[in-house]
Amino acid sequence: MTAVRERVYIEAPYVQAVAAFEHRLGLEAGQSEGTCVLALVAPLAEGREVARDVTAATKRVPGTANFTSQYLIAWTAGRTSRGIATPGFDGTITLRAGEDYDECELELDGRYEPPGGVAGKLFDDVVGRRIAHATLGSLLDGVRQELRAAHERMEAGKHGT
């Protein structure tokens with residue numbers, strides 16, 4: 001198994017971000033488990049990328065501190081439409097308040113098994129790990145963009161614009 005940790009900062013208050021984030025994870029009000037479709041994108045050389053949609057299982061778990069929400073997330077290994085193997089993933093996503101009111105932090109921490117046995121492990125050691133980090137970074141960036149858009153809609157609603 002290969003461990004991975006990615007973190008992004010979001011320009012949205014924690015108290016507003018929680019609902020938008022849970023909606024993105026497929027967690028409805030009052031439900032502790034859900035599913036969501038995520039596009040895993042691995043950028044390659046010269047503006048090319050490998051993409052695969054995965055259905056991720058999500059589960060709300062107790063946070064470890066005030067203004068912290070934590071979720072389990074997992075998806076299974078598979079293949080892209082071009083037959084390229086992609087790893088499954090098992091980990092946690094933590095949303096926590098930032099140092100300022102108008103920001104929060106999103107962190108993904110987990111592990112995956114590189115596809116392809118020994119050859120896949122060797123590839124992962126040389127190149128694949130960068131692709132995995134880029135893929136997870138892309139996932140987190142997409143969540144950050146959705147949260148930022150939700151925050152902007154809320155703020156515009158306050159001002160009647």
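Buried means under 20% relative accessible area, exposed means over 50%, and partly exposed is anything in between, with a 1.4 Å probe and protein chains only. By that yardstick, glutamate 107 counts as buried, because its relative accessibility is 8%. Keep in mind that this is a predicted model: local features need pLDDT of at least 70, side-chain atom pairs count only at pLDDT 80 or more, and totals for chains, interfaces and linings use all residues. Residues are numbered from 1 along each chain as its sequence is written, and side-chain values use heavy atoms, with hydrogens and water left out.

**Salt bridges**

- Searching the whole structure turns up 12 salt bridges (a side-chain nitrogen of Lys or Arg within 4 Å of a carboxyl oxygen of Asp or Glu).
- One of them pairs glutamate 107 with arginine 5, and their closest N and O atoms sit 3.9 Å apart.
- Glutamate 107 is in strand S8 and arginine 5 is in strand S1 (residues 2-10), so this pair ties together parts 102 residues apart in sequence. (Strands, E, of at least two residues, and helices, H or I, of at least four, are DSSP runs numbered from the N terminus.)
- Arginine 5 counts as partly exposed, because its relative accessibility is 49%.
- Arginine 148 forms a salt bridge with glutamate 11, again with the closest N and O atoms 3.9 Å apart.
- Here arginine 148 comes from helix H2 (residues 117-158) and glutamate 11 from the loop between S1 and helix H1 (14-24), so the pair ties together parts that are 137 residues apart in sequence.
- Arginine 148 is partly exposed at 24% relative accessible area, while glutamate 11 is exposed at 52%.

**Within helix H2**

- Glutamate 155 and lysine 158 make a salt bridge, with 2.9 Å between the closest N and O atoms.
- Both residues lie in helix H2, three residues apart, which is about one turn of the helix.
- Glutamate 155 is partly exposed at 23% relative accessibility, and lysine 158 is exposed at 54%.

**A shared network**

- Salt bridges with partners in common link Arg5, Arg7, Arg96, Glu105, Glu107 and Asp109 into one network.

**Nonpolar surface patch**

- Val15, Phe67 and Tyr101 make up a nonpolar patch on the surface, together offering about 360 Å² of accessible area (by the Shrake-Rupley method with a 1.4 Å probe; for residues, only the protein chains shown count as cover).
- Patches take residues with over 30% relative accessible area and no salt bridge, joining like charges within 9 Å and nonpolar side chains (Val, Leu, Ile, Met, Phe, Trp, Tyr) within 5 Å.
- Tyrosine 101 sits in the loop between strand S7 (89-97) and strand S8 (104-112), and it counts as exposed at 57% relative accessibility.
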